[in-house]
Protein chains: 2
Amino acid sequence: MLAKAGGEPSLASSIHDLARHLNISIGTVSRALNGRADVNADTRQRVLEAARELNYSPNQSGRSLRQGATRSIAFMLQPHPGDQQYGEPFFIPFLTGLQARLAEHDLDLMVVMGEPGQYQPERLRRVVETRRADAVVLANTRRKDDRIDYLSKAGFPFATLGRSQSGGDTYPSLDIDFERAGDEAVDRLVARGHRRIAAIRPSLDLNFGYLFLDGYRKALKRHGIEVDPGLIADGFINEAGGYQVTPRVMVSRDRPTAIIFNNDAMALGGCKALAEMGIRPGHDVAVIVIVDTPLCRYFSPALTAFRPSLGPMGRRLAEMLLASLPAFAGPEGTRIIREVWPLELIARESD
Amino acid sequence: MLAKAGGEPSLASSIHDLARHLNISIGTVSRALNGRADVNADTRQRVLEAARELNYSPNQSGRSLRQGATRSIAFMLQPHPGDQQYGEPFFIPFLTGLQARLAEHDLDLMVVMGEPGQYQPERLRRVVETRRADAVVLANTRRKDDRIDYLSKAGFPFATLGRSQSGGDTYPSLDIDFERAGDEAVDRLVARGHRRIAAIRPSLDLNFGYLFLDGYRKALKRHGIEVDPGLIADGFINEAGGYQVTPRVMVSRDRPTAIIFNNDAMALGGCKALAEMGIRPGHDVAVIVIVDTPLCRYFSPALTAFRPSLGPMGRRLAEMLLASLPAFAGPEGTRIIREVWPLELIARESD
DNA sequence: CGTTTTTCCGTAAACGTTTACGAGAACACA
DNA sequence: TGTGTTCTCGTAAACGTTTACGGAAAAACG
């Protein structure tokens with residue numbers, strides 16, 4: 001068994017103990033602690049001191065039950081199928097920012113993880129139905145996302161990292177500007193003399209794959225370059241997917257001179273395939289990655305990539321979510337529904 | 001505002017609604033749902049069906065309050081000072097395994113993150129004192145860890161990833177065998193003809209830095225090689241630390257021919273420093289990293305490293321923690337206190 | 001049929017809070 | 001002094017569960 005606390009203040013002290021110790025009613029104690037106005041300044045002082053002395057903190061289960069709010073937010077981390085380890089590091093800085101802002105409001109963060117590769121909406125349902133959290137943050141949103149449908153229909157507050165076509169405009173969402181990144185990537189490559197530019201993206205219903213391709217197409221058109229379907233390929237969103245699918249765009253008689261990868265893991269696999277074909281990224285073909293991770297930096301050649309500022313995005317999404325919650329809403333009309341953030345190009349060696 | 005659910009079953013249905021709907025007392029409903037024996041098979045059937053029909057799930061706050069248990073476990077992710085992004089990815093597979101096993105017992109995971117670089121025991125205290133979780137999992141344990149002292153003294157159940165000298169043998173802990181890894185790294189290098197082998201480790205009070213060095217020293221002695229203090233250096237546990245400190249062991253007139261890094265981020269920084277000195281890792285000096293991460297694999301040259309199996313370790317620590325909780329303890333005497341797991345050598349190009 | 005056991009269910013208390021309500025005391029004002 | 005107002009606090013209900021207890025009905029047993 002665990003060591004027991006000796007003579008020190010028990011952890012299990014309740015508001016009753018405090019009230020008894022002060023010869024005061026629990027109602028007054030509660031009001032004093034919660035900063036209510038209708039309590040004498042002296043008694044408040046005494047209560048606060050006694051609370052510190054007895055090491056009293058209100059039991060959160062009791063508060064939650066009475067107030068109908070748990071003061072915790074659930075983040076659902078549902079890895080893409082096939083994604084074993086790369087997608088998640090992406091979220092760590094985001095989570096850090098998210099949690100930091102939530103902590104400022106005394107909100108805790110609950111993390112609901114799905115098994116990688118399995119889509120598990122029941123994990124989400126459990127949190128919602130047992131009212132374990134006051135709101136949910138979703139990531140890895142799909143183009144059509146049944147989690148969003150579920151939450152909207154249930155009237156449960158949520159926000160998403162990433163856009164979706166589901167659920168209308170009713171929830172706060174924050175996304176990276178994949179469209180613009182695709183556009184700028186093409187721009188940059190064209191400026192460097194490339195005309196045949198391939199695009200490799202995930203094959204799933206992931207929304208950002210579509211957004212990226214939109215930007216890619218738009219930029220090509222602006223430059224008067226015809227979109228060649230043979231230069232666009234979809235694959236599993238992991239290293240194996242990139243490895244498998246990249247050769248397909250390299251077999252056309254008129255090979256591309258540049259490739260834009262919509263995902264870092266796919267880029268790493270793709271570069272491996274290229275190397276095996278005797279094609280050197282950075283020399284024989286330019287490579288740009290849309291979402292930067294530490295791996296891009298340490299790969300050889302270091303991969304030029306577009307980098308989001310994930311920490312601030314986490315903080316921002318927390319703010320947006322809080323503003324959408326009646327209990328936290330500030331002045332009316334300040335609610336933010338959707339935001340799209342730009343990425344920063346980190347020029348390295350691969351393009 | 002959020003979309004309201006239409007005519008569908010309200011989320012807020014309580015056990016009272018269910019009881020009223022069935023013309024039955026709430027006590028019976030509760031017993032039926034919880035699989036108590038003293039309830040008729042027919043009524044149980046009816047209750048279960050009605051629960052599904054009315055979409056009823058017990059409110060977790062209510063349960064927690066009554067049972068004195070929240071059914072959630074807190075994981076404290078407290079990055080090392082200076083560690084901005086590398087240490088955390090290390091934890092993702094561990095967290096995944098931990099959460100998977102906890103979920104099998106209907107336990108939720110709460111993640112408490114500290115600001116990177118700040119040691120914030122008050123975050124932990126808050127969780128404990130407000131009884132937000134039933135137990136805590138600690139990572140990044142220090143040699144002397146006041147979090148462990150605090151939890152032991154408070155009699156709050158916890159387990160740790162990593163050993164510590166604090167708290168005695170009273171809590172379950174799971175650790176990587178850094179000592180053996182340091183030993184094996186030396187073994188391997190000596191077998192390849194190296195005699196002057198440097199060791200670079202974090203400067204903080206992190207326990208694994210000491211364990212690693214123990215193994216390193218032991219192996220050197222076994223091979224009759226004198227330990228040269230000039231070949232051992234401590235630095236901040238991040239890339240900058242490795243960059244800053246690695247040159248120090250390279251200035252001795254009798255340069256080392258091999259370096260063992262106790263941390264992947266320090267290895268990356270160290271290799272950068274080496275490159276700037278015109279020393280090529282893998283050619284001019286052998287490099288081995290004690291804890292492998294994806295970065296090691298994609299670095300050029302790919303770094304030979306010792307890899308832990310973090311997912312299974314997460315699952316294991318969950319089991320050990322559960323076995324130590326009275327509410328979950330299986331047959332007496334099966335409690336596991338400490339385990340140390342070996343690492344697997346991943347031979348790559350750098351040694 | 002009488003007695004004992006078993007089965008099943010309702011009642012009510014309890015978990016630790018917050019808060020609506022009301023009441024007594026103090027005070028202000030005429 | 002009488003009346004109205006303000007301060008301050010206690011009382012008790014409520015949040016949604018689980019569970020100890022007891023009792024009625026049914027079953028088992030002689």
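Ala, Val, Leu, Ile, Met, Phe, Trp, Tyr, Cys and Pro count as nonpolar, Asp, Glu, Lys and Arg as charged, and the others, Gly among them, as polar. With those classes, the surface near DNA strand D splits into 10 nonpolar, 12 polar and 5 charged residues. The model shown here is predicted. This briefing covers the two DNA strands, then the contact between the chains.

**DNA strand D**
- DNA strand D has 27 residues around it.
- The closest ones are Ser25(A), Gly27(A), Ile15(B), Gly27(B) and Gly62(B).
- In chain A, helix H2 (26-33) and helix H4 (60-67) each give two or more residues to this surface.
- In chain B, helix H2 (26-33) and helix H4 (60-67) do so too.

**DNA strand C**
- DNA strand C is surrounded by 27 residues.
- Those that come nearest are Ile15(A), Gly27(A), Asn59(A), Gly62(A) and Gly27(B).
- H2 and H4 of chain A, along with H2 and H4 of chain B, each supply at least two residues of the surface near this strand.
- That surface holds 10 nonpolar, 12 polar and 5 charged residues.

**Chain A against chain B**
- Here 45 residues of chain A are in contact with 45 residues of chain B.
- On the chain A side, two or more residues come from each of H4, helix H5 (87-104), strand E2 (108-113), helix H7 (146-154) and helix H12 (294-298).
- H5(A) gives the largest share of that side, 7 residues.
- By class, the chain A side has 22 nonpolar, 15 polar and 8 charged residues.

Definitions and conventions. Residues numbered from 1 in each chain as written. Chains lettered and ligands numbered in written order. Predicted model: local features only at pLDDT ≥ 70, side-chain atom pairs only at ≥ 80, totals over all residues. Near = placed C-beta within 6 Å. Helix = DSSP H or I, 4+ residues; strand = E, 2+ residues; numbered from the N terminus. Contact = placed C-beta atoms within 7 Å.
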